[in-house]
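Please open the structure in a viewer and keep the sequence panel visible. The tour below proceeds stop by stop, each with something to select.

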Amino acid sequence: MPPLVEPAAELTVDEVRRYSRHLIIPDVGMAGQKRLKNAKVLCVGAGGLGSPALLYLAAAGVGTLGVIDFDVVDESNLQRQVIHGQSDVGRPKAESAAASVREINPLIDVVVHNEVLTTENVMEVFSGYDLIVDGTDNFATRYMVNDAAVLLGKPYVWGSIYRFDGQASVFWAEHGPCYRCLYPEPPPPGMVPSCAEGGVLGVLCASIGSIQVNEAIKVLTGIGEPLVGRLMIYDALEMTYRSVKVRKDPECVLCGKNPTVTELLEDYEAFCGAVSAEAQEAASGSTITAAELKSWQDAGENVYVVDVREPNEYEIVSIPGAVLIPKGEFLNGSALERLPQDKKIVLHCKSGARSAECLAIVKNAGFSDAVHVGGGVLSWIKTVDPSLPAY
Ligand SMILES: [Zn+2]
């Protein structure tokens with residue numbers, strides 16, 4: 001595959017000294033390092049994947065490095081987001097990441113986008129870069145990143161992580177499949193847990209983030225066989241890497257022969273459906289706040305509070321008096337016989353999505369006055385008991 005970027009005119013003496021271990025690799029050499037100097041790479045997200053990706057892209061000498069993130073550093077990020085430190089807690093991630101990058105390599109330009117990536121700005125932001133590294137953790141942004149990259153004709157390096165499992169690929173519609181060729185439809189709402197729900201081994205971020213940087217460098221400089229048309233699957237417990245072929249789908253709605261998606265979707269959240277239609281219907285008019293639950297408990301109301309999260313989550317933090325019945329037991333029906341008929345059922349989870357799904361099942365089973373807690377445990381911590389640890 002041809003190199004994506006033309007070489008810069010020259011390297012300075014400082015640059016030659018700094019990049020000497022690259023320059024003596026014949027495949028990279030002076031030409032490759034000049035291409036990296038001329039390259040403009042955007043990292044979407046300065047989180048789990050963005051942290052190692054930005055650190056190594058900076059160290060490698062990518063001349064212009066953009067970082068877009070709207071979030072602020074939280075203590076629970078530090079287990080894996082190694083670009084941020086203790087003193088950065090509360091600071092915007094984009095700014096904290098940029099400061100680390102400048103410390104690692106003052107010879108490159110860092111562009112800080114301290115904002116949410118949206119359908120309004122994605123095309124403009126992406127158009128300033130040659131290649132995108134996608135470190136996002138949700139399906140709505142992932143589909144938006146893919147669509148924008150394909151519509152702009154830009155390659156991007158995708159990665160995803162969950163517990164001990166990681167995946168990575170290079171999507172470049174001009175030369176191979178796009179994300180929609182691999183995953184034409186987003187998973188049903190609630191089916192695929194996020195890292196916030198299911199956890200992630202911190203070091204997995206480095207394994208997958210470094211693959212993403214490796215592939216970015218290959219695409220920019222035109223060396224080796226990039227992961228175009230292949231999906232890398234990593235299992236940290238078995239310690240196996242395997243790559244499977246991914247074909248371009250001629251029927252792909254975005255990059256196929258007769259595309260029907262020719263511009264960005266209006267609403268990617270709606271496309272991916274944060275919660276299912278059934279759950280939305282069940283929750284409407286049957287959602288209480290954490291503070292309401294607390295006042296019911298204090299008043300001695302006849303409520304039965306059910307926590308539908310997983311046992312690990314329950315162990316970290318739980319609402320006093322809540323009984324643990326994980327969501328899976330609602331899906332297979334076994335939870336229903338454990339619910340008392342003479343009490344008002346109050347369901348909750350971490351943020352309110354899982355409990356809304358369970359609420360639909362419970363109401364269908366005849367518990368018509370059941371409710372769920374909007375915002376879940378996180379809202380309880382925020383509004384009722386800030387001494388509990390958010391996770
Ligand atoms: Zn496609």
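The stops that follow cover a metal site, two groups of strands, a helix and several charged pairs.

This is a predicted model, in which local features need pLDDT of at least 70 and side-chain atom pairs count only at pLDDT 80 or more, while totals for chains, interfaces and linings use all residues. Residues are numbered from 1 along each chain as its sequence is written, and side-chain values use heavy atoms, with hydrogens and water left out.

**Stop 1: the zinc ion**

Select the zinc ion together with C178, C181, C252 and C255. The SG atoms of these four cysteines are its protein donors, lying 2.3 Å from the ion. Donors are N, O and S atoms within 2.8 Å of the metal (3.2 Å for Na, K and Ca); water is not among the atoms, so sites may look incomplete. The angles subtended by the four donor atoms run from 93 to 120 degrees, and the arrangement is therefore tetrahedral. Four donors count as tetrahedral if all angles lie between 85 and 135 degrees.

Along the chain, the donors follow the spacing C-x2-C-x70-C-x2-C. Distant parts of the chain are linked here: C181 belongs to helix α8 (residues 179-182), whereas C252 lies in the loop between β8 (240-245) and α11 (268-272), 71 residues apart. Helices (H or I, at least four residues) and strands (E, at least two) are DSSP runs, numbered from the N terminus.

Are C181 and C252 buried or exposed? C181 is buried, at a relative accessible area of 11%, and C252 is buried as well, at 3%. Buried means under 20% relative accessible area, exposed over 50%, and partly exposed in between (1.4 Å probe, protein chains only).

**Stop 2: strands β4, β5 and β6**

Select residues 156-162, which form strand β5; six of its seven residues are buried, so the strand is largely enclosed by the rest of the structure. Add strand β4 (residues 131-134), which runs parallel to β5 and is joined to it by three bridges. Two strands pair if DSSP finds at least two bridges between them. V133 has V157 of β5 as its bridge partner. From β4 the chain passes through helix α7 (residues 139-152) to β5, a β-α-β crossover that is right-handed. A crossover is right-handed if, with the strands pointing away from the viewer, the path from the first strand over the helix to the second runs clockwise.

Now add strand β6 (residues 165-171), which pairs with β5 in the antiparallel sense over seven bridges. V157 has V170 as its bridge partner in β6. The hairpin of β5 and β6 has two residues between the strands, and R163 takes a positive phi near 50 degrees there.

**Stop 3: the span 299-389**

Select residues 299-389, which UniProt lists under "domain: Rhodanese" in an unreviewed entry. UniProt positions are given in the numbering used here, feature names are shortened, and annotations may be inferred rather than shown by experiment. The span is 34% helix and 16% strand, and its end C-alpha atoms lie 26 Å apart.

Next, display the open sheet of five strands in the order β9-β13-β12-β10-β11, with parallel pairing. At its edges stand β9 (287-288) and β11 (323-324); each has a single partner strand, so one side of each is left without a neighbour in the sheet. Within this sheet, β12 (residues 344-348) and β13 (residues 371-373) pair in the parallel sense over two bridges. L347 stands opposite H372 in β13.

**Stop 4: helix α4**

Select residues 50-60, helix α4, which is mostly covered: nine of its 11 residues are buried. Among them are L54, L55 and L57. Step on to G61, just after α4, which takes a positive phi of about 95 degrees.

**Stop 5: charged pairs**

How many salt bridges does the structure hold? There are 10. A salt bridge is a side-chain nitrogen of Lys or Arg within 4 Å of a carboxyl oxygen of Asp or Glu.

- Select E15 and K37, whose side chains meet in a salt bridge (2.9 Å, N to O). This pair links helix α1 (residues 13-18), which holds E15, to helix α3 (residues 29-38), which holds K37, 22 residues apart. E15 is buried at 6%, and K37 is partly exposed at 27%.
- Select D88 and R91, with their closest N and O atoms 3.0 Å apart in a salt bridge. D88 is buried, whereas R91 is partly exposed.
- Select K218 and E215, joined by a salt bridge (2.9 Å, N to O). The two are three residues apart in helix α10 (residues 202-221), and are therefore separated by about one helical turn.

Notes:
Four donors count as tetrahedral if all angles lie between 85 and 135 degrees; four count as square planar and six as octahedral if opposite donors are over 155 degrees apart and all others between 65 and 115; anything else is irregular.
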